[in-house]
Every structure is written in C-alpha cells, then in structure tokens.
Amino acid sequence: MIRIVLVDDHPVVRAGLRALIDGQDDLSVVAEADGLDSAVAVVTADRPDVVLMDLSLGAGEAGGAVVTAALRALDDPPEVLVLTTYDTESDILRALEAGARGYLLKDAPPAELFAGIRATARGETVLAPSVAATLVRRTTPGATTITEREVEVLELLSRGLGNKEMARELFVSEATVKSHLSHIYTKLGVDTRAGAVAAAIERRIIRP
C-alpha cells in the first residue's frame with residue numbers, strides 16, 4: 001500500500017483527490033495539510049511514501065516549493081509529486097530544485113495521476129508532457145535560455161519594482177540589476193520593461 005499525504009489549500013480539491021485516490025486498491029490517503037506547518041506535522045507523524053503537493057497554498061502561506069524543500073529536509077523525507085495548475089518555467093524549476101520528484105498538472109486524467117503516484121513512490125521522475133517540453137527547450141543547443149536569476153528579475157518586473165527595489169530584493173547592486181535587464185532584453189528581443197514582462201508571460205516563463 002502506497003501511503004499519501006495531500007497538501008492543498010482548497011478543502012474541496014482535497015476531498016475530490018481523496019475520493020479518487022482511495023478508490024485504488026494500492027493507494028491510500030493517510031492525511032491532509034493546507035500549508036507549511038501542517039504539512040511538516042502530518043508528514044512527521046504519518047511518514048507517507050508520497051506527498052501530493054499544490055504550488056499555490058493561499059495568501060500568507062509559503063508556496064509549495066518552500067514546503068517541498070522543508071519536507072525533503074526531514075530525517076525520513078517522503079517523495080514529493082507536484083500537482084498544480086501552473087506550468088511556467090519559473091514554477092517548474094523552483095519545484096524541481098526544491099526536491100520534487102515529479103510535476104503533473106491538475107488537468108491530468110485520473111489514470112495518469114495514479115500512475116504518477118506509483119512511479120513517484122518507486123523513486124522515478126514523472127513529468128507532464130508540457131513540463132517535459134519546457135525542460136527540453138532549456139537544454140536544446142542554441143536555444144536562448146533565461147537563467148534562474150533572470151526569471152527572478154522578470155517576476156519582480158511584473159510586480160512593477162524599480163531597479164533600486166529589485167536590487168534590495170535580490171541583495172545585489174543596481175548595476176547588476178541593469179546588467180540582468182540588458183541580457184533579458186536581448187534574449188527576449190524587446191527594449192522595454194513592459195515588453196519584457198509581456199514576452200515572458202507569452203513564453204510561459206512567468207505567471208500572468
């Protein structure tokens with residue numbers, strides 16, 4: 001029996017997932033959580049094989065990537081399978097770097113979800129097709145790749161921050177921010193801050 005913990009801030013979503021998963025003979029939801037503290041508590045207490053993790057856990061809560069990193073840092077860490085509506089480059093990279101074993105989208109058919117949970121429990125990597133395509137694009141020779149730091153700059157740009165504010169957020173100098181912006185403009189083929197944000201959203205590098 002594969003033991004599963006659900007981490008999602010929507011009770012209705014958790015109830016639906018529980019009903020689906022518990023209908024499988026070899027899968028069992030042993031606990032639910034809606035944020036960082038509750039996730040760490042139930043995982044420590046129930047020691048699941050797999051945690052099914054949403055990325056957006058509501059206002060004021062740590063994101064799913066932060067929760068994933070915290071769970072993977074435990075003495076007996078579970079495997080984490082992200083299940084979310086977001087497939088932007090920044091979300092994917094953040095989750096996988098936090099230690100998630102796989103990344104599926106919430107529009108996946110139940111059979112794909114069940115297979116993903118079983119594969120994750122075996123320690124295998126599971127990726128939705130669009131997620132795999134994003135990662136392949138990043139590693140294609142000759143492809144224009146936006147770095148992690150540039151993704152962070154784009155996210156701050158989308159929030160309307162100026163160079164001085166971005167430098168403060170990133171703990172770098174304003175000159176470094178300007179350098180990042182110059183590289184971003186070149187890679188995205190734009191020459192304005194608004195153009196960079198629009199291009200990044202269109203290319204699914206950041207969320208709208």
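The following legends describe close-up views of a predicted model.

Local features require pLDDT of at least 70, side-chain atom pairs count only at pLDDT 80 or more, and totals for chains, interfaces and linings use all residues. Residues are numbered from 1 along each chain as its sequence is written, and side-chain values use heavy atoms, with hydrogens and water left out.

**View 1. The open sheet has 6 strands (E, at least two residues; helices are H or I, at least four; both are DSSP runs numbered from the N terminus).** The order is β2-β1-β3-β4-β5-β6, with parallel pairing (at least two DSSP bridges between two strands). Because β2 (27-33) and β6 (126-127) stand at the edges with a single partner strand each, one side of each has no neighbour in the sheet. β5 (residues 102-105) joins β6 over 2 bridges, and Gly 102 is opposite Val 126.

**View 2. Helix α3 (residues 64-72) has buried residues (under 20% relative accessible area, 1.4 Å probe, protein chains only).** These are Gly 64, Ala 65, Val 67, Thr 68 and Leu 71. They fall within an arc of 160 degrees (directions from the helix axis to the C-beta atoms), so they line one face of the helix. They pack against α2 (36-46), β3 (50-53), β4 (79-84) and α4 (89-98) (contact: heavy atoms within 4.5 Å).

**View 3. Helix α1 (residues 11-21) packs with helix α5 (residues 110-121).** The angle is about 80 degrees (axes fitted to C-alpha atoms, for helices over the stretch in contact; angles from 0 to 180 degrees between N-to-C directions), and the axes are 11 Å apart. The helices are therefore roughly perpendicular (65 to 115 degrees). Leu 17, Leu 20 and Ile 21 in α1 meet Pro 110, Leu 113, Phe 114 and Ile 117 in α5.

Key: Buried < 20%, exposed > 50% of the residue type's maximum accessible area, 1.4 Å probe, protein only. Parallel < 35°, antiparallel > 145°, perpendicular 65-115°, else oblique.
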